Structures are given as C-alpha cells and as structure tokens.
Amino acid sequence: MKHILIPTDFSSNAWNAIQYALKLFKNEECTFYLLNTYTPAISSSRFMAASLEGGLLANTAHNCSEMGLKNVLSLIAQKYPNEKHQFETISSFNLLVDEIVEIIARYSIDLVLVGTKGASGLEEVFMGSNTVKIIKTVKDCPVLAIPQNYEFIKPSEISFATDFNRFYTLSELKPVIDLAVSFGAVVRIVHVQHEIKALTELQRFNLGMLRKYLGEVEHYVHTVSEFNSISKTLELFAQELDIHLLAMLHYQHSYMERLTREPIVKRVAFHTSIPLLVIPELGMSNHHQKNAKALSFSD
C-alpha cells in the first residue's frame, strides 16, 4: 500500500492536486494523509502567547483547520468514492515544511504531492515558493508538483531530464519506472546541452545503466540544444512532444538545482505547465562509486 502525503490550504489549487492524486492512483491501494498547517497571526505574540486572547486565536485557527479537512473528506467521498483509498487527516500548529519532514518519517511516506501556484513575483517564479522549499528540504521521498489548473491526463508520455553526469540507483529511478509500467508510458530521456558534443565515457556508462534499469519499458534518448535557459528548453521539449509528466533527480549541479538558481530574467516566462516529479538523491553503493570514479578518471 502506498502512503501519500498531500498538503492543503483549502484553495482551489490544493483541491486540484488532490483530484489529480485520486485519479493517478485510482487503481492502487493507498493511504492519503491530508495535511493542513496553521500558524495564527498574533500581534505582539511575545506578550500574548500565554494570554486568553492568544489562546482563543489558536483555538479558532485549529477549529477552522479541522473543519476544512472534514469538508475535504466529505467532498472526496462524494466525488471520488474508492474502496482502495483510505484517508487520514492531520491538523498541525507548525510550519508547513517542518511538519512535512516530520510526517514523512512518522508514517513512512512514499510520495509528497503538492499543488503549485502560478507566478507570484517571488524568486521561485516557476512554481511558487512553498513548493520550492519542499523540494529543497525533502530528502527521503519524491515530490510531485501539480500545476495550478492542470487537468488530469493519463501520463502516457513521461520525460526524464538528465545530463548523464551522475550514476543512478535503481531506487532513485523506481518512481519513474513504476509510473511507466502502471500506465504503459513511453519514457523520453532528455539531455540538454549548451553545445552539442559527444558523451564522455562516464556519461555513456551512466546512460547504459539507465537503459538497463528501464529494461522493457519503451524509452528513447533525446539530445537537445539549450535554448535561452534549462527551464525554457525543457518547457519547449514538453510542449513539442506532448509530455504529460517531467521527472528529474535533485542533487548538486543537477538540472533541478540549476532551475532553482537560474536568474529571474531567464525563467520569468517559464511556469510549470505539467506535473513535475522531483526525486531526491538517495546515494549509491561504494562499489558503484568506485566504478563511476574510475571511469571519470579515465576520461
């Protein structure tokens, strides 16, 4: 059984993410953990934290949180009844990202699924500041970000973006492989290059391992020239090939890290238009590290 965490602030954006999750996993046994965090705004909180007024504000916020979660459950039961799905609600007086990290450990969460907001003028223009914070902080399971207003489409075309510079473990690729097998999807490996050149020996080795892991899953390798920025290039690739989900690993110097560091002027036009699956770095065995290092030294 899958354990899936879905944070919600009761917005239409959050409800859209919940609907996506229920449709994506409609044929799988899942426990969904619906999380709402609240931090009551209390003026001069240093002086009022122990006061009656402060307590009343906290109780009001807690009651609103509980009621909101109850309403979400009612809506799910009404619109998406499914015997395979179970639900737990969590209302917490805590910061969102801190609570997510705690819940992942407490309930052995397999996936965090979150709705993203549109461009807001913040630094993290391409998917909203909360989503970026979650992606940067969560290290123990993948994060699936669902764009605002995105309507569910069966993910029959999945893109995996990589530069082949890092060895992949089977555990890291499992979320992509599982989705591809579940939906009979084609996996399109996309390699963005600033200038087109032959792969190094290390890159060829990593590509070979990637194809080995994908096994019988239908897959293709696409090498594309960078257009303006990584973000814009991936966006255009997704549009041209009608990609339904973009996946990438998150590690030092990865595409994902570069996306979050790109200057605003380069990615101001980029908005996450399709679901984005971000897989955290899980590490690799000493044996594989030695193999990878040996290859890199021989280049």
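Let's start at the centre of this predicted model. The largest nonpolar core holds 78 residues, and Val112, Leu113, Leu144, Phe160 and Leu277 touch the most other members. Helix α1 makes the largest contribution to this core, giving seven residues.

Leu144 is a good place to pause. Leaving out residues up to four places away in sequence, Leu144 touches Tyr20 and Leu24, and the list continues with Leu111, Val112, Leu113 and Val114. Leu245, Pro275, Leu276 and Leu277 are also touched by Leu144. Two of these partners, Tyr20 and Leu24, are among the buried residues of α1.

So what does α1 itself look like? The helix has 13 residues and reaches 18 Å from its first C-alpha to its last, close to the 18 Å expected at 1.5 Å a residue. Because 11 of its 13 residues are buried, α1 is largely enclosed by the rest of the structure. The buried set runs through Asn13, Ala14, Trp15, Asn16, Ala17, Ile18, Gln19, Tyr20, Ala21, Leu22 and Leu24. Ser12, also found in helix α1, tells another story: its relative accessibility is 60%, so Ser12 counts as exposed. Ser12 also pairs up in space with a residue from far along the chain, since its C-alpha lies 8.4 Å from that of Gln148, although 136 residues separate Ser12 and Gln148 in sequence.

Now step back to strand β1, which covers residues 2-7 and includes Ile4. Is Ile4 buried or exposed? With a relative accessibility of 0%, Ile4 counts as buried. Setting aside neighbours within four places in sequence, Ile4 is in contact with Phe25, Cys30, Thr31, Phe32, Tyr33, Leu111 and Leu113. Leu111 and Leu113 appear among the residues touched by Leu144 as well.

From Ile4 we can hop to Ser108: the two are 104 residues apart in sequence and 9.2 Å apart in space, C-alpha to C-alpha. Ser108 is found in the loop between α4 (96-107) and β4 (111-115). At 52% relative accessibility, against a cut-off of over 50%, Ser108 counts as exposed. Its backbone deserves a look too, as Ser108 has a positive phi of about 50° although it is not a glycine. Most residues other than glycine have a negative phi. Asp242 is another non-glycine residue with a positive phi, of about 55°, and is placed in the loop between α8 (230-240) and β9.

The next stop is helix α6, residues 170-183. This helix has 14 residues and reaches 19 Å from its first C-alpha to its last, close to the 20 Å expected at 1.5 Å a residue. Where does α6 bend? The bend is at Val176, by about 30°. Val176 is also one of the buried residues of the helix, along with Glu172, Leu173, Pro175, Ile177, Leu179, Ala180 and Phe183. The elements covering the buried residues of α6 include the helices α1 (12-24) and α7 (201-214), as well as the strands β6 (157-161), β7 (186-193), β9 (245-250) and β10 (276-280). Just after α6, Gly184 takes a positive phi of about 60°.

What about the cysteines? A disulfide is a covalent bond between the sulfur atoms of two cysteines. In this model the count comes to zero disulfides. Cys64 is exposed, with a relative accessible area of 51%, whereas Cys141 is buried, with a relative accessible area of 3%.

With these details in place, here is the chain as a whole. Its secondary structure comes to 11 helices and 10 strands. Of its 299 residues, 49% count as buried. Among contacts between residues at least 6 apart in sequence, 83% join residues at least 24 apart.

Finally, a word on confidence. The protein chain averages a pLDDT of 83, and 78% of the residues score at least 70. Over residues 263-270 the pLDDT is below 50, and this stretch has 20 contacts in the model beyond near neighbours in sequence. Residues 284-299 also have a pLDDT below 50, with 14 contacts in the model beyond near neighbours in sequence.

Technical notes. Residues numbered from 1 in each chain as written. Predicted model: local features only at pLDDT ≥ 70, side-chain atom pairs only at ≥ 80, totals over all residues. Heavy atoms only, no water. pLDDT = per-residue confidence, 0-100. Contact = heavy atoms within 4.5 Å. Disulfide = S-S within 2.5 Å. Buried < 20%, exposed > 50% of the residue type's maximum accessible area, 1.4 Å probe, protein only. Helix = DSSP H or I, 4+ residues; strand = E, 2+ residues; numbered from the N terminus. Expected span 1.5 Å × (residues − 1). Bend = angle between axes of the 7 residues up to and from the residue. Core = buried A, V, L, I, M, F, W, Y, C linked by side-chain atoms within 4.5 Å.
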